[in-house]
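Please open the structure in the viewer and keep the selection panel at hand. The tour below proceeds from one selection to the next and states what is found at each stop.

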There are 2 protein chains.
Amino acid sequence: MPIPPPARSRGPKPTRVDPDQLLDAAQAVFAIDGLQGASLRAIARRAGCDPALIYYHFASKEAMFEALLDRTIGPVVTELLGLCDSRDPRSVAERLWLIVGIYHAHLGSNVGMRGLVRGEIVRGGEAIQESIAKRVFPALGAIGQLIRQGIEQGEIREDTSPLFTTFFLVRMELEILDLIPVMAPRLSGMPGDLAVALAERAWFRLFWRGIATRPEEALPFLPDIEEARP
Amino acid sequence: MPIPPPARSRGPKPTRVDPDQLLDAAQAVFAIDGLQGASLRAIARRAGCDPALIYYHFASKEAMFEALLDRTIGPVVTELLGLCDSRDPRSVAERLWLIVGIYHAHLGSNVGMRGLVRGEIVRGGEAIQESIAKRVFPALGAIGQLIRQGIEQGEIREDTSPLFTTFFLVRMELEILDLIPVMAPRLSGMPGDLAVALAERAWFRLFWRGIATRPEEALPFLPDIEEARP
DNA sequence: ACTCCAATTCAACGAGTGTTGAATTGTGCC
DNA sequence: GGCACAATTCAACACTCGTTGAATTGGAGT
């Protein structure tokens, strides 16, 4: 005698799950467990649907990762390209500081993606590395151009390598976002948010002194931050 | 009729596999697949033994990771502590540069461990985070002390935060080791090794100008590197 | 009222995982 | 020679994983 089918509800749910919600869930789970560690079942559980549904909207786990990449990196890149336009009247120093702010604004509350992207670049499985390079490297090129503008206009020292300097500026900002919130409370008892703001300002001061032709000139665009009292 | 046992060789092999060899294999596999992605079977295959043998030498996969951590980070920490001794007659600038060299020497060919440690700090599963903090943070404290020496002796600007500055110096060196070999060939066609050496020197110049009271003073201890011709 | 399709679920497959307990055997000691 | 023990392997357990094919159903269009 065959067991009677439990007859649970199949078919469409009253509340549809659209791909964006799946990406939200994926982002959250990737953030905690990493690309390898995150399971489609966990993502589905978080989105409130069946794992199989993911395959209705995305071709595979990796395709979902690429969609996620587009969604988060896209806006950053276009905003960066805007800032690096050579007709912008603001000083190069100020625009470099604004670049720090762009990364902070778009990726500040996005630990997972930062780690994933970095991890995949380092580990570098050819395929994923390529898909990241296509999206990230144009932005780096634009920042390099901005630095060259700074050199031509005499704001930045001539012995400055645009490539390395771009790398220093961007990578350190991302390192601050990634690590300071975890390390600062442990090492100094400072709350994470405050520590990040202080670190960013300290970093930019150091960075600018390192490449400027007039390092002692004031940087009026840098914000004042209330120092924490111990 | 029961199938006859294949009667392969059990018991000790002629060539013993000591724990260190297991750690070598683990390091290699962790480097490629990450902490989650690496399987004990893959490690055992590389070490030329059975997965079960790992449990004879280590309590678990995680215990093996901690042993690996000790083996690679231990020497770095002791060497760092030596350099930061306040009785060292060399200038603070030179000793900070030597710190860069120490990280390079010990971790330069050790991509896996760097990524793992960083990843675990960021992701921060309480247990592993603690086990890393205990090993890594004392070294950071020592470097902070060295920077305070520099401030007292007038080599380093007074508005320098020892904590953040330590973070900047160390993290950037590790970022160079991690990312430049992958990114430089793609972005500039420069071979990885050369790019790393150039980046380290460029970084230290920028860093030192950012914190020094006399930023224009020459740094005779910096090596000359043949520039690549395009 | 009927049809059709998009959205969803179920159930399963095969592969790979960390881990364990028992079995095996070479080596050195008495 | 006999014995204890350390080092090693085998076989299995109970999971979890990504993925797929078939089944199901609510709602839109006619």
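Buried area is the accessible area, taken with a 1.4 Å probe, that two parts lose on being put together, summed over both. On that basis, about 4400 Å² is buried between chain B and chain A, and carbon and sulfur atoms give 71% of this area. The model is a predicted one.

**Stop 1: the side of chain B that touches chain A**

Select Phe164(B), Phe168(B) and Arg186(B): within chain B, these lose the most area to chain A, and together they make up 15% of what that side buries. Next, extend the selection to every residue in contact across the interface; 44 residues of chain B meet 44 residues of chain A.

**Stop 2: charged and polar pairs across the interface**

Which side chain of chain A meets Glu175(B) in a salt bridge? Display Arg171(A): its side chain pairs with that of Glu175(B) at 2.7 Å, N to O. Then add Glu175(A) and Arg171(B) to the view, as Arg171(A), Glu175(A), Arg171(B) and Glu175(B) are linked in a network of salt bridges. Across the interface of chain B and chain A, the rule finds four salt bridges. Polar contacts between chain B and chain A number six residue pairs, with both residues at pLDDT 80 or more.

Colour chain B by element at this point. Helix 1 (19-37), helix 6 (111-123), helix 7 (126-152), helix 8 (162-188) and helix 9 (192-211) of chain B are the elements that give two or more residues to the side touching chain A. Which of these gives the most? Helix 8 of chain B does, with 16 residues. Recolouring by residue class shows 26 nonpolar, six polar and twelve charged residues on the side of chain B that touches chain A.

**Stop 3: chain A as a whole**

Hide chain B and display chain A as a cartoon. Chain A has nine helices and zero strands, and its elements run α-α-α-α-α-α-α-α-α from the N terminus on. Of its 230 residues, 51% count as buried. Among the contacts in chain A with a separation of 6 or more, 68% join residues 24 or more positions apart. A surface representation of chain A corresponds to about 11700 Å² exposed, of which carbon and sulfur atoms supply 55%.

**Stop 4: salt bridges within the chains**

Over all chains, the count comes to 22 salt bridges by this rule. While chain A is displayed, select Arg157(A) and Asp159(A), which form one of them, with the closest N and O atoms 3.1 Å apart. Is Arg157(A) buried or exposed? Its relative accessibility is 16%, so Arg157(A) counts as buried, whereas Asp159(A), at 48%, counts as partly exposed.

Return to chain B and select Arg135(B) and Glu66(B), whose side chains meet in a salt bridge at 3.0 Å, N to O. Arg135(B) lies in helix 7 of chain B and Glu66(B) in helix 4 (residues 61-83) of chain B, so this pair ties together parts 69 residues apart in sequence. Arg135(B) is buried, with a relative accessible area of 16%; Glu66(B), with 24%, is partly exposed.

For the last selection, take Glu217(B) and Arg214(B), which form a salt bridge through their side chains at 3.0 Å, N to O. Here Glu217(B) is partly exposed at 46% relative accessibility, and Arg214(B) is partly exposed with a relative accessible area of 45%.

Key. Residues numbered from 1 in each chain as written. Chains lettered and ligands numbered in written order. Predicted model: local features only at pLDDT ≥ 70, side-chain atom pairs only at ≥ 80, totals over all residues. Heavy atoms only, no water. Contact = heavy atoms within 4.5 Å. Polar contact = N/O pair within 3.5 Å; in protein donor to acceptor, adjacent residues only side chain to side chain. Helix = DSSP H or I, 4+ residues; strand = E, 2+ residues; numbered from the N terminus. Nonpolar A, V, L, I, M, F, W, Y, C, P; charged D, E, K, R; others polar. Buried < 20%, exposed > 50% of the residue type's maximum accessible area, 1.4 Å probe, protein only. Areas by Shrake-Rupley, 256 points an atom, 1.4 Å probe, with all protein chains shown as cover.
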